Structures are given as C-alpha cells and as structure tokens.
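Please walk me through this protein, beginning with its metal site and moving outward to the charged pairs and the helix packing. I would like the reasoning spelled out where a description depends on a cut-off.

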Amino acid sequence: MSTNLSVTTEDYLKSITELKDYKGFATLADISQILGTARQTVYDEIKILLEKNFVKRDRRGKYSLTEDGEKEANLFLRKHRVAEVILWKGLNMKWSMLDDQAMGIEHGITEEIISAACSKFNCDKCPHGNPIPDAYGRVSIPVDLKYDDLEPEQGYSVSRVIFETPEVLQFLEANSLLPDARILKLNQQGMFKLGNNGNLHIPGHILNAIRFRK
Ligand code: FE2
Ligand code: FE2
C-alpha cells in the first residue's frame with residue numbers, strides 16, 4: 001500500500017487475512033511491510049487485537065485471526081471489496097490500482113452505499129475474484145485450486161487473486177490474467193500457454209497469490 005492515509009485496525013485485520021491465505025500465517029515483519037508501518041506500531045496494534053481476542057499468536061511469533069477476528073475482518077472486506085467494485089465499474093480505474101486506491105474510501109462505506117452500488121453493479125465478487133461477505137460477515141470461500149494442484153497440459157481459468165500487492169496485480173494485468181482468463185499449464189515449472197497463444201513463465205511468489213479453477 002503506497003497511500004499515506006492512516007492505518008486502522010481494519011487494515012490490520014485485512015492484512016492478517018491475506019497473509020494467512022498466502023503463506024499460512026502473519027509475522028509482525030510481514031504486516032509492517034504490507035502496511036508500511038514501523039515494527040513498534042505494528043507490535044502496539046497487535047497487542048490491542050490480542051486483548052480484544054481478534055488475533056491469536058503461536059509460540060513462534062506467527063499470528064492469525066480468531067473466529068471473532070475473522071468475522072470482524074469479513075465485515076471490513078465487505079466494505080473494501082465493494083469499494084473496489086465502485087472504483088472499477090463506476091470510475092473505470094485501472095484494475096491493478098484498485099486494492100490500493102480503495103484505501104481512500106473503504107472505511108466510510110455504509111450499508112446504504114453498498115446496497116446502492118450493488119443494485120447498479122454486480123457485487124458477487126471483487127474485481128480480483130474474491131467473494132463479497134454479507135452484512136453479517138458470512139462468506140463462502142470458493143473451492144478452487146492452488147498451482148501445485150494443477151496438471152500439465154490441462155486448461156484452467158484464473159479464479160481469484162488472494163494476495164493483492166501492487167507487484168502481483170501489475171504482473172497479472174500486464175499479461176491479461178484477470179479472473180476468468182483461460183490458460184494452459186505446460187510441463188515446465190511455472191510455464192503456461194496463454195489465450196493469445198504466447199507462452200509465459202509466472203514466478204513462484206506470484207503463482208502462490210493466484211487460485212485457479214478447471
Ligand atoms: Fe483488494
Ligand atoms: Fe479485490
């Protein structure tokens with residue numbers, strides 16, 4: 001995130017959700033890197049989240065959300081993902097900038113705005129393919145595939161981007177790999193044939209940020 005807006009509790013919950021999906025846990029260093037905040041600031045905020053029982057910590061300093069924390073995170077992801085839909089479908093902003101630019105409006109999105117936006121635009125998913133939780137913080141996670149589940153010489157669609165960093169999003173946009181794009185997995189590690197018939201090598205850290213479906 002490159003914007004200089006103040007980072008809120010909601011942003012911490014979002015970052016921990018994304019890191020959990022991407023690598024299985026979040027460390028203080030990961031969170032500080034994603035949010036662009038000092039380690040001490042992250043430590044102080046995490047302490048508050050532990051006290052509120054939104055976050056749990058294992059003995060190795062790996063953090064994840066509790067059930068209460070997940071619900072709270074989903075309520076915010078609802079606002080975040082609808083904000084992305086508004087910026088994309090309403091304002092035609094660039095796909096790779098949506099996650100970052102949503103920072104400017106997402107915290108103030110109300111249920112009234114959500115229902116107005118969703119009656120105008122399709123609000124099932126965010127522009128990166130992630131489901132939009134309901135007003136109670138419930139969400140059904142799509143059953144899709146990781147790169148390691150894919151078989152060579154088989155065709156797949158991009159399902160969603162689970163780790164929306166500017167680098168990941170810019171790479172996917174430059175190669176027209178938005179949700180629903182069709183690709184064929186080739187034999188070599190990370191190699192694909194694209195819909196336009198060109199071949200592309202996708203680096204491992206970007207592959208881990210994508211989910212696929214048949
Ligand atoms: Fe996002
Ligand atoms: Fe998104």
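What arrangement do the four donor atoms around the iron ion (ligand 1) make, and why? The model is a predicted one, and in it these four donor atoms subtend angles of 86 to 171° at the iron ion (ligand 1), which makes the arrangement irregular. The reasoning rests on a cut-off, because four donors count as tetrahedral if all angles lie between 85 and 135 degrees, and the upper end of the range, 171°, falls outside those limits. The protein donors concerned are H80 through NE2, E84 through OE, D99 through OD and E164 through OE, lying 2.0 to 2.1 Å from the iron ion (ligand 1). Along the chain, these donor residues follow the spacing H-x3-E-x14-D-x64-E. Within this set, H80 in helix α4 and E164 in the loop between β3 and α7 (166–174) form a pair that links distant parts of the chain, 84 residues apart. Both H80 and E164 are buried.

The second metal can be read in a similar way. The iron ion (ligand 2) is coordinated by E84 (OE), C126 (SG), H128 (ND1) and E164 (OE), at distances of 2.1 to 2.6 Å, and the spacing of its donors in sequence is E-x41-C-x1-H-x35-E. The site of the iron ion (ligand 2) is irregular too, with angles of 90 to 150° among its four donor atoms. E84 lies in helix α4 (residues 67–90), whereas H128 lies in the loop between α6 (111–120) and β3 (155–161), so the pair ties together parts that are 44 residues apart in sequence. E84 is buried, with a relative accessible area of 0%, and H128 is likewise buried, with a relative accessible area of 0%.

How far apart do the iron ion (ligand 1) and the iron ion (ligand 2) lie, and which residue coordinates both? The two ions are 3.0 Å apart, and E84 is the residue that bridges them.

From the metals we turn to the charged side chains. Side chains of opposite charge can pair when their charged atoms come close. In this model the count comes to nine salt bridges. One of them joins the side chains of K14 and E18, at 3.3 Å from N to O; both residues lie in helix α1 (residues 9–23), four residues apart, which is about one turn of the helix. K14 is buried, with a relative accessible area of 1%, and E18 is buried at 9%. K14 and E18 are also linked with D99 in a network of salt bridges, and D99 is among the protein donors of the iron ion (ligand 1).

Other salt bridges connect separate elements of the chain. The side chains of D144 and R160 meet at 2.7 Å, N to O; D144 lies in the loop between α6 and β3 and R160 in strand β3, so the pair ties together parts that are 16 residues apart in sequence. D144 counts as buried at 17% relative accessibility, because buried means under 20% relative accessible area, and R160 is buried at 8%. A further salt bridge brings together the side chains of R213 and D180, at 2.8 Å from N to O. R213 lies in strand β7 (residues 210–213) and D180 in the loop between α7 and β4 (182–185), so this pair ties together parts that are 33 residues apart in sequence. R213, at 28% relative accessibility, counts as partly exposed.

How do the helices α1 and α4 sit relative to each other? Their axes come within 9 Å and cross at roughly 100°, and α1 and α4 are therefore roughly perpendicular to each other. The contact is made by E10, D11, L13, K14 and T17 of α1, and on the α4 side by G69, E72, A73, F76, L77, K79 and H80. Two of these residues have been met before: K14 takes part in the salt bridge with E18, and H80 is a donor of the iron ion (ligand 1).

Lastly, Q189 is found in the loop between β4 and β5 (191–194), where, at 58% relative accessibility, Q189 counts as exposed. Leaving aside residues up to four places away in sequence, Q189 touches Y147 and H201. The C-alpha atoms of Q189 and E106, 83 residues apart along the chain, are separated by 38 Å.

Definitions and conventions
Residues are numbered from 1 along each chain as its sequence is written. Chains are lettered from A and ligands numbered from 1 in the order in which they are written. This is a predicted model: local features need pLDDT of at least 70, side-chain atom pairs count only at pLDDT 80 or more; totals for chains, interfaces and linings use all residues. Side-chain values use heavy atoms; hydrogens and water are left out. Donors are N, O and S atoms within 2.8 Å of the metal (3.2 Å for Na, K and Ca); water is not among the atoms, so sites may look incomplete. Four donors count as tetrahedral if all angles lie between 85 and 135 degrees; four count as square planar and six as octahedral if opposite donors are over 155 degrees apart and all others between 65 and 115; anything else is irregular. Helices (H or I, at least four residues) and strands (E, at least two) are DSSP runs, numbered from the N terminus. Buried means under 20% relative accessible area, exposed over 50%, partly exposed in between (1.4 Å probe, protein chains only). A salt bridge is a side-chain nitrogen of Lys or Arg within 4 Å of a carboxyl oxygen of Asp or Glu. Contact means heavy atoms within 4.5 Å. Axes are lines fitted to C-alpha atoms, for helices over the stretch in contact, and angles run from 0 to 180 degrees between N-to-C directions. Angles under 35 degrees count as roughly parallel, over 145 as roughly antiparallel, 65 to 115 as roughly perpendicular and the rest as oblique.
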